[in-house]
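Subject: Structure handover

Hello,

Here is the structure I promised to pass on. Please load it before you read the notes below.

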Amino acid sequence: MLKLVEERGGVGFWSLEIATCRLWGSPGFYRMAGLPPADDLRGLFRRLIHPDDEAAQADLWDLLRSGHAIDREFRIIRPDQTVRWVALKTEVVLGSDTRLARIDGILLDTTATHEARRVAAWMQARQTGVLRAVAAATWSALPAGEIEMAAGWGHLTGQSAAEMAGTGWLDAVHPDDRQAVTAAWRSARTTGGPYRAEYRVRGADGLYRQFSGRGAPQIDPDGAVCEWFGLVLAVPDDARDTVPDAVIGPLIRGARAVIGWSIHDLAAASGVSGSSVRRMEEFGENPRPRIRQAVRQAFEGAGIRFSAIGTDQVAVEIDLRRFPRR
């Protein structure tokens with residue numbers, strides 16, 4: 001049974017007699033250390049410990065001889081120059097006179113575990129790097145919806161951890177967008193489906209910018225939501241402002257009709273000349289980005305938001321609280 005445990009489990013057993021400083025090792029112990037069975041083990045740790053770990057383990061032999069229990073991990077370099085991670089664990093054994101008699105211990109090969117940790121850390125670092133490159137912030141939430149962590153949100157908005165706690169993060173969301181954001185978050189938690197919301201966020205500089213929130217539930221083996229994880233993605237200006245040429249004219253004309261604006265009213269609100277507005281409406285002229293941005297902001301100020309969702313389609317949101325119903 002001992003042979004099976006040593007060969008299959010990567011374990012070696014050893015014992016140190018305190019009175020004689022005699023160190024005994026099992027066949028598995030010798031095999032793990034890469035030493036011949038006849039090798040004198042008294043200088044084992046000094047000879048095998050990896051140079052980079054020597055300083056941290058300099059007290060190891062003194063602790064063993066003084067009868068201290070040990071539970072450590074470090075690297076060894078075997079005589080064939082292979083490097084292995086090992087865990088050293090000990091137990092103190094007292095003699096009949098209740099004085100320290102010997103130290104019994106095991107040596108475990110933990111190389112595979114450390115390799116798995118190294119790979120996991122590398123994968124985590126790579127994923128974190130990608131997220132930092134594409135997301136303005138990342139967040140996680142408890143199953144009930146309470147935000148637990150929001151990395152990057154404080155840098156983005158200037159909010160402190162205390163200010164963003166609970167639902168405080170909503171204070172940085174544009175007032176006109178909070179209801180929709182809250183409804184989307186409530187719907188995702190109710191259905192267990194993906195979360196998605198488009199909203200404006202007040203940055204640390206006091207300016208509002210467009211962002212897209214994404215989230216998904218993390219499911220445990222029983223099928224229950226154990227956590228939510230999500231991203232806050234910046235929406236580039238060109239992505240927000242690009243409206244298909246085929247719908248520029250009807251879009252502006254329709255938006256004016258909804259809020260009762262004339263061409264002159266739109267020109268005054270946007271700072272764009274009336275002739276430019278007329279050309280966009282009548283001929284579908286694709287204006288310069290600055291003009292397009294000014295027209296879009298004018299409509300948003302009046303309660304109408306729109307963005308491209310396809311090659312010839314536009315999503316339009318109308319806030320009826322911003323102007324009388326007709």
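Start with the aromatic residues. Trp139, Trp185, Tyr195 and Trp228 are linked into a cluster by ring pairs. Please keep in mind that this is a predicted model.

**Aromatic pairs**

Searching the whole structure gives 6 aromatic pairs. One of them joins Trp139 and Tyr195. Their ring centres are 6.1 Å apart and the planes meet at 80 degrees, an edge-to-face arrangement. What does this pair tie together? Trp139 belongs to strand 6 and Tyr195 to strand 8, so the pair connects parts that are 56 residues apart in sequence. Both partners are covered. Trp139 is buried, at 8% relative accessibility. Tyr195 is buried too, with a relative accessible area of 5%.

Next, Trp153 and Trp169. The centres of these rings lie 6.2 Å apart with the planes at 80 degrees, so this pair is also edge-to-face. Trp153 sits in helix 6, while Trp169 sits in the loop between helix 7 (161-164) and helix 8. The pair therefore ties together parts 16 residues apart in sequence. Are these two residues buried or exposed? Trp153 has 5% relative accessibility and counts as buried. Trp169 has a relative accessible area of 13%, so Trp169 is buried as well, given a cut-off of under 20%.

**Nonpolar cores**

The largest nonpolar core has 22 residues. Which of them touch the most other members? They are Trp139, Trp153, Trp169, Val181, Tyr195 and Tyr199. Two or more residues each come from strand 6 (137-141), strand 7 (147-151), helix 6 (153-157), helix 8 (175-191), strand 8 (195-202) and strand 10 (225-234). Strand 8 contributes the most, with 4 residues.

Val181 is a good place to centre your view. Leaving out residues up to four places away in sequence, Val181 touches Trp169, Leu170, Val173, Tyr195, Ala197 and Tyr199. Trp169 and Tyr195 each appeared above as a partner in a ring pair.

There is also a second core, separate from the one around Val181. That core has 21 residues, including Ile18, Leu35, Ile49 and Phe74.

**Backbone: positive phi**

Two loop residues deserve a look. Gln81 is not a glycine, yet its phi is positive, at about 75 degrees. Where does Gln81 lie? It is in the loop between strand 3 (71-77) and strand 4 (83-94). Gln81 is exposed, with 59% relative accessibility.

Thr98 is the other one to check. Its phi is near 65 degrees, again a positive value in a residue other than glycine. Thr98 lies in the loop between strand 4 and strand 5 (100-109). At 61% relative accessibility, Thr98 is exposed.

**Surface**

Last, the N-terminal end. Met1, Leu4 and Val5 make a nonpolar surface patch of about 330 Å². Met1 is in the segment before helix 1 (2-9). How exposed is Met1? Its relative accessible area is 78%, so Met1 counts as exposed, the cut-off being over 50%.

Best wishes

How values were computed: Residues are numbered from 1 along each chain as its sequence is written. This is a predicted model: local features need pLDDT of at least 70, side-chain atom pairs count only at pLDDT 80 or more; totals for chains, interfaces and linings use all residues. Side-chain values use heavy atoms; hydrogens and water are left out. Patches are made of residues with over 30% relative accessible area and no salt bridge: like charges are joined within 9 Å, nonpolar side chains (Val, Leu, Ile, Met, Phe, Trp, Tyr) within 5 Å. Accessible areas come from the Shrake-Rupley method with a 1.4 Å probe; for residues, only the protein chains shown count as cover. A salt bridge is a side-chain nitrogen of Lys or Arg within 4 Å of a carboxyl oxygen of Asp or Glu. Buried means under 20% relative accessible area, exposed over 50%, partly exposed in between (1.4 Å probe, protein chains only). A nonpolar core is a set of buried Ala, Val, Leu, Ile, Met, Phe, Trp, Tyr and Cys residues joined through side-chain atoms within 4.5 Å. Contact means heavy atoms within 4.5 Å. Rings of Phe, Tyr and Trp (its six-membered ring) pair if their centres lie within 6.5 Å; planes under 30 degrees apart count as stacked, over 60 as edge-to-face and the rest as tilted.
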